[in-house]
Structure formats: C-alpha cells, structure tokens
Amino acid sequence: MPRYLFNCEQCDEQFSVFLNVSESCSSCSICGSTKITKIFKSREKNEKQNVVGMLMSEHIKETREEIEQMKKTLAEEGQK
Ligand SMILES: [Zn+2]
C-alpha cells in the first residue's frame with residue numbers, strides 16, 4: 001500500500017497515511033481538520049536522505065567518543 005504525505009493547514013503538521021490508490025484521505029489524523037493538502041513524493045525522498053545523514057553523524061559521534069575513551073585509557077596506563 002503506498003504511503004501518502006499530507007499537510008494540515010489547521011494545525012500546520014504533516015502526517016502520512018497508507019492508502020489504496022482508490023482511497024483518499026479526507027481529514028487530518030492529528031486534529032481531524034479537513035483542510036489538508038497532499039504533499040508530493042519527492043519530500044519522502046528528502047526525509048530518507050536526512051535519516052541517512054543523521055545516522056552518519058551519529059556514527060561519527062560514536063567513533064569520536066571511542067577515540068576519546070581510548071586516549072583516556074592510554075593516558076591512565078602511561079601514568080602507572
Ligand atoms: Zn491537523
């Protein structure tokens with residue numbers, strides 16, 4: 001089932017709905033308003049790219065912390 005993104009004018013939130021091609025969404029899943037507009041799929045692609053970017057920076061952060069920890073351990077061992 002394809003996923004569609006909608007933007008709600010009432011609460012200014014975006015939400016996604018799984019719909020059959022023949023179905024349509026008529027109200028906001030957050031506030032129930034009918035003032036909703038469909039967002040095109042390209043946005044979904046951007047979201048995925050952001051997730052990849054987030055995972056990358058998270059990985060870099062973890063690696064940095066590991067290196068810091070290693071330096072600390074080495075320094076402590078050097079003091080002995
Ligand atoms: Zn809403």
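Two strands are said to pair here when DSSP finds at least two bridges between them. Keep that in mind as you click through this predicted model, where bridge partners will be our signposts.

**Stop 1: the whole chain**

Start with the protein chain in cartoon view. You should find one helix and three strands, and reading along the sequence gives the pattern β-β-β-α. Colour by burial next: of the 80 residues in the protein chain, 4% count as buried. If you draw the contacts with a separation of 6 or more, 29% of those in the protein chain come from residues 24 or more positions apart.

**Stop 2: the sheet**

Now select residues 3-8 for strand S1 and 14-18 for strand S2, then add 36-39 for strand S3. Together the three strands make an open sheet in the order S2-S1-S3, with antiparallel pairing. S2 and S3 are the edge strands, each pairing on one side only. Turn the view to look along the sheet: from one strand to the next, the twist averages 35 degrees.

While the strands are on screen, show their side chains. In a regular strand, side chains alternate between the two faces of the sheet.

**Stop 3: S1 and S2**

How many bridges join S1 to S2? There are five, and the two strands run antiparallel. Select Phe-6 to see one of these pairings: its bridge partner in S2 is Phe-15. Move on to Asn-7, whose bridge partner in S2 is Gln-14.

**Stop 4: the hairpin turn**

Follow the chain out of S1 and around to S2. These strands form a hairpin, with five residues between them. Zoom in on Asp-12, which sits in the loop between S1 and S2. Its backbone deserves a look: Asp-12 has a positive phi of about 55 degrees although it is not a glycine. Is Asp-12 buried or exposed? Count the other C-beta atoms within 10 Å and you get 9, so Asp-12 is exposed; the cut-off for that class is 12 or fewer.

**Stop 5: Glu-13**

Step along to Glu-13, also in the loop between S1 and S2. This residue has 15 C-beta neighbours inside 10 Å and therefore counts as partly exposed. Which residues does Glu-13 touch, leaving aside those up to four places away in sequence? Select Cys-8 and Ile-30 to see them. Then draw a C-alpha to C-alpha distance from Glu-13 to Ile-30: the two are 17 residues apart in sequence and 8.0 Å apart in space.

**Stop 6: Gly-32**

Jump to Gly-32, in the loop between S2 and S3. Gly-32 counts as exposed because it has 11 C-beta neighbours inside 10 Å. Add Gln-10 to the selection: Gly-32 and Gln-10 are 22 residues apart in sequence, yet their C-alpha atoms are 9.0 Å apart in space.

**Stop 7: S1 and S3**

Finish on the other pairing of the sheet. S1 and S3 pair in the antiparallel sense over four bridges. To find one of them, select Leu-5 and look across to its bridge partner in S3, Ile-39.

Note on methods
Residues numbered from 1 in each chain as written. Predicted model: local features only at pLDDT ≥ 70, side-chain atom pairs only at ≥ 80, totals over all residues. Buried ≥ 20, exposed ≤ 12 C-beta atoms within 10 Å, placed from the backbone. Contact = placed C-beta atoms within 7 Å. Axes fitted to C-alpha atoms, helices over the stretch in contact; angles between N-to-C directions.
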